[in-house]
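Please look through this note on the aromatic rings with the model open beside you. The points are short and can be checked one at a time.

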Amino acid sequence: MYSKVLSCTLHGVEGRLITVECDVSDGLPMFNMVGFLASEVRESSDRVRTAVKNSGYRMKPQRVTINLSPADIRKEGAIFDLPISIALLSAFGYIPADNLKSTLIIGELSLNGDIRPVKGILPIVDFAKKNNINTVILPFDNRTEGVIVPGLTVYAAKTLKEVVNHLMESKLMKPVEYIDSFVDNMDCFDVDFADVKGQQIIKRAMEIAVSGMHNILMIGPPGAGKSMIAKRIPTIMPSLTYEESIEITKIYSVNGLIDSNTGLLVKRPFRTPHHSITAASLIGGGKVPKPGEISLSHNGVLFLDEFLEFNKNTIEMMRQPMEDGEITISRLYGNYTFPCNFMLVAAMNPCPCGYFPDQSKCHCTSNEIHHYLNKISYPMLDRIDMSVAIKKMEYHDLYQSKKQETSKEIKQRVLKAIHMQNNRFANLPIHFNSQIPDNLLNRWCYLGKKEEQLRKDIFEKYSMSARGMNKLMKVARTIADLDESEEITTDHIWEALSFRMMNFHNGGDFI
Amino acid sequence: MMYQDKYWFWLLNAPGITRQKAGKMLDVFREPEYIYYASSQELASFFKTDQQLERFMEWKDLKEVNRLYEKNQSLNIQFCHYHSINYPKKFKEIPDPPLGIYYKGTLPDDNQLSIAIIGARNCTRYGKEMAEYFGKELGKHNVQVVSGLARGIDGCAHRGALLGNGYTIGVLGGGIDQVYPKENYHLFMEMEQRGGIISESNIGIKPYSSLFPERNRLIAGLCDGILVVEAMEKSGTFITVDQGLDQGKDIFAIPGRILDEKSAGCNRLIKLGAHMVTDVSDILNYYHLSGVKDDNPNFCHYKEDVIEKMSLAPTDKMVYSCLQIEPKYLDDIIEEVNLAPQEVCKSLNHLVILGIITEIACNYYGIKIG
């Protein structure tokens with residue numbers, strides 16, 4: 001007898017439909033599996049047979065052929081154990097074929113028939129929803145992640161027997177209830193900008209950076225609070241939309257970073273990879289490519305502490321994905337694309353000891369500083385719009401009683417600036433000031449006579465490059481947006497100048 | 001190139017010929033030309049081994065010398081020797097004069113006053129500002145500024161002299177084509193155009209540390225007085241000072257705080273009898289230079305004078321008054337003047353464009369002298 005079960009495999013962060021076919025016919029007792037299988041899928045024949053036997057179902061000694069189609073997609077993972085066993089039992093006549101229609105089944109089996117959780121549930125249920133498959137049977141431990149997508153009937157099963165009984169007599173299990181946890185948990189951060197005492201200039205810089213999605217570089221001594229500030233950046237970013245949240249959760253799901261308690265991710269990601277990171281884990285990779293840190297910080301913040309300690313080549317790998325907002329990794333079995341739209345926050349020390357230009361503490365020679373700064377990846381600096389210095393807090397700063405601005409208050413202003421940009425860039429492929437292409441800069445960064453004169457003065461005094469000037473104008477545009485002003489005034493340019501990207505070349509205006 | 005010059009070039013670039021050896025040979029033969037035509041028996045006494053003599057004799061094949069000479073020409077490098085007309089007269093007065101020098105740009109005017117401005121490579125902002133200020137003021141008064149084109153004080157002194165539209169010459173430790181340190185590349189280029197670069201070594205000689213005391217003797221030799229801007233108790237600067245004293249030059253020093261280790265060397269020089277300099281007119285008057293205007297700033301209330309002269313706006317005035325020569329962080333300035341960050345950023349950047357303060361490092365500001 002022939003039977004057919006729907007299942008799904010992952011390709012990057014997207015699902016692909018897999019049909020598990022099973023045929024039982026007379027002949028020598030055999031158990032054959034075909035369909036471009038990885039070894040872990042091939043091994044599933046042993047798991048399936050034992051689990052079926054231990055669940056109390058008897059199989060007659062017959063010739064069994066199992067095919068996973070389409071045959072040109074490589075199948076990987078233990079995700080097919082459950083669909084294979086269901087197809088097998090259906091072929092042996094335990095389950096009526098009609099009950100399997102429009103039902104997507106996934107899950108790993110243990111030898112005693114228990115169903116074990118698998119990775120990447122969200123992309124699979126999302127795929128089911130998009131392809132009008134309205135029922136999904138998945139492992140019990142994956143249930144929270146399984147109900148993220150509304151409009152699906154999701155059954156969470158603990159054992160193989162449960163699933164078979166359900167499919168035999170139809171609907172013994174109850175569907176998992178959909179809980180809308182999205183809005184409730186949003187914006188509940190356990191950190192806040194009010195925790196940062198003083199540091200007015202950094203806070204202002206972060207406000208501007210977030211408003212225009214400008215990548216930013218912090219320069220300061222160890223212990224100044226660079227990581228503390230970076231960690232608080234997501235709290236002033238606009239709240240995630242449902243679509244964004246799904247995008248992020250899919251990536252985390254594929255990487256197996258979602259446990260049975262977390263459903264949809266409702267906070268913007270904040271990732272801080274260590275500087276020993278390899279290229280593969282930063283941008284994504286592996287035999288079967290997995291999203292890297294840049295994708296895990298999609299729609300959030302990627303914080304690179306000790307920027308100069310990162311391998312230069314690794315850092316430079318980020319250039320193209322940063323420009324495109326996605327990374328495509330090519331491997332033997334196909335091309336995998338992961339989104340990676342993130343805000344880069346980098347932090348570095350100004351010199352080897354970290355205290356330059358404080359002459360009382362810094363004993364680095366200018367030679368040492370040059371040598372240290374030479375580790376910078378210049379092409380990468382081109383993609384960073386702003387730089388700001390940070391200083392270690394003094395006692396009176398740390399223990400002051402002055403009320404600090406909360407993230408909520410800052411966020412209000414950021415939202416206004418983003419609103420301005422949304423209006424400006426409506427129907428355009430860009431969303432933020434940082435993305436304005438250089439050739440269109442004049443259209444949105446129009447300057448009056450006075451401003452034009454100031455730009456000339458700045459250009460000459462700071463011996464700026466054209467690129468540096470463009471960055472300055474984009475930042476000034478964002479400051480004007482925060483001011484809710486359509487025109488860029490001299491005040492905006494003056495302020496942007498304080499946050500201009502340092503020119504490190506040969507010490508540049510740094511030493 | 002004059003007829004004789006070729007033989008000088010040939011001799012000074014010969015393998016195994018140091019300045020001392022060439023000097024000894026010239027004591028006997030008087031002219032390089034005679035050395036060229038001397039037989040190997042005549043020359044044998046100058047060489048320790050036969051190989052050395054052999055190599056020297058091979059050098060008489062002029063092909064290689066010509067190639068070297070052409071290369072020098074293509075790099076715009078000029079050569080002058082002890083008997084050249086343009087050989088700096090001041091060198092003839094020192095005990096151990098260079099026999100030949102290579103230079104780019106122009107050589108200093110023998111009749112003009114020359115002052116060497118020297119100091120530590122690893123210096124403070126005070127030192128840098130002072131070097132630049134004195135370089136600039138001396139340049140303005142047509143005093144030629146001599147220094148070593150090194151990091152720190154040297155570079156600042158040259159830069160100052162160029163800012164003051166004066167003549168300045170840098171004496172190199174390595175070969176004439178060696179740009180060291182690299183970060184002074186643009187300074188090298190500008191000095192070639194508007195001043196001069198001079199070295200006792202021909203192209204290709206790396207700037208070994210052993211060459212620097214030799215270089216210091218030339219710095220001292222080219223000037224009339226030596227101004228020490230900033231030096232620690234132990235510093236290479238004192239090699240130049242000692243050479244200068246041996247050559248009978250005047251020593252000037254800028255004082256520093258007694259707590260400041262970077263100024264300890266200068267203070268010791270003053271204690272030992274160097275002329276203390278707190279103003280550029282101290283040097284100019286010492287040499288009875290005419291036309292010295294007495295509008296030099298009084299450093300004690302320098303900031304007040306600038307505020308008055310520039311007629312600054314109230315916020316700019318407040319921000320400027322709280323700055324010092326040592327760098328101050330933006331947030332600290334905001335706190336001190338108690339204004340909105342935007343206001344402070346605006347006036348700081350405005351002051352930078354006016355040229356009375358500088359951004360020393362990212363978001364750190366300090367006042368600028370001169």
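How many aromatic pairs are there over all chains?

1. The model is a predicted one. Over all chains, the count comes to 24 aromatic pairs.

2. One of these pairs is formed by A:Tyr57 and A:Tyr94. Their ring centres are 5.1 Å apart and their planes meet at 70°, an edge-to-face arrangement. The two residues come from distant parts of the chain, 37 residues apart. A:Tyr57 is in the loop between α2 (44–54) and β4 (63–69) of chain A, while A:Tyr94 is in the loop between α3 (81–91) and β5 (103–105) of chain A.

3. Are the two tyrosines of this pair buried or exposed? A:Tyr57 has a relative accessible area of 9%, so this residue is buried. A:Tyr94 is at 26% relative accessibility and therefore counts as partly exposed.

4. In chain B, the rings of B:Phe252 and B:Tyr287 make a tilted pair, because their planes are at 55°; the centres are 6.1 Å apart. B:Phe252 belongs to strand β8 (residues 250–253) of chain B, and B:Tyr287 to the loop between α14 (280–286) and α15 (302–310) of chain B, so the pair ties together parts 35 residues apart in sequence. B:Phe252 has 1% relative accessibility and so counts as buried.

5. Chain B also has a cluster linked by ring pairs. Its members are B:Tyr7, B:Trp10, B:Tyr36, B:Tyr37, B:Phe47 and B:Phe56.

6. Which charged residue lies over the face of A:Phe140, at 4.4 Å from the ring centre? That residue is A:Lys158. The charged end of A:Arg143 also sits over the ring of A:Phe140, 4.1 Å from its centre.

How values were computed
Residues are numbered from 1 along each chain as its sequence is written. Chains are lettered from A and ligands numbered from 1 in the order in which they are written. This is a predicted model: local features need pLDDT of at least 70, side-chain atom pairs count only at pLDDT 80 or more; totals for chains, interfaces and linings use all residues. Side-chain values use heavy atoms; hydrogens and water are left out. Rings of Phe, Tyr and Trp (its six-membered ring) pair if their centres lie within 6.5 Å; planes under 30 degrees apart count as stacked, over 60 as edge-to-face and the rest as tilted. Helices (H or I, at least four residues) and strands (E, at least two) are DSSP runs, numbered from the N terminus. Buried means under 20% relative accessible area, exposed over 50%, partly exposed in between (1.4 Å probe, protein chains only). A charge sits over a ring if NZ of Lys or CZ of Arg is within 6 Å of the ring centre and within 35 degrees of the ring normal.
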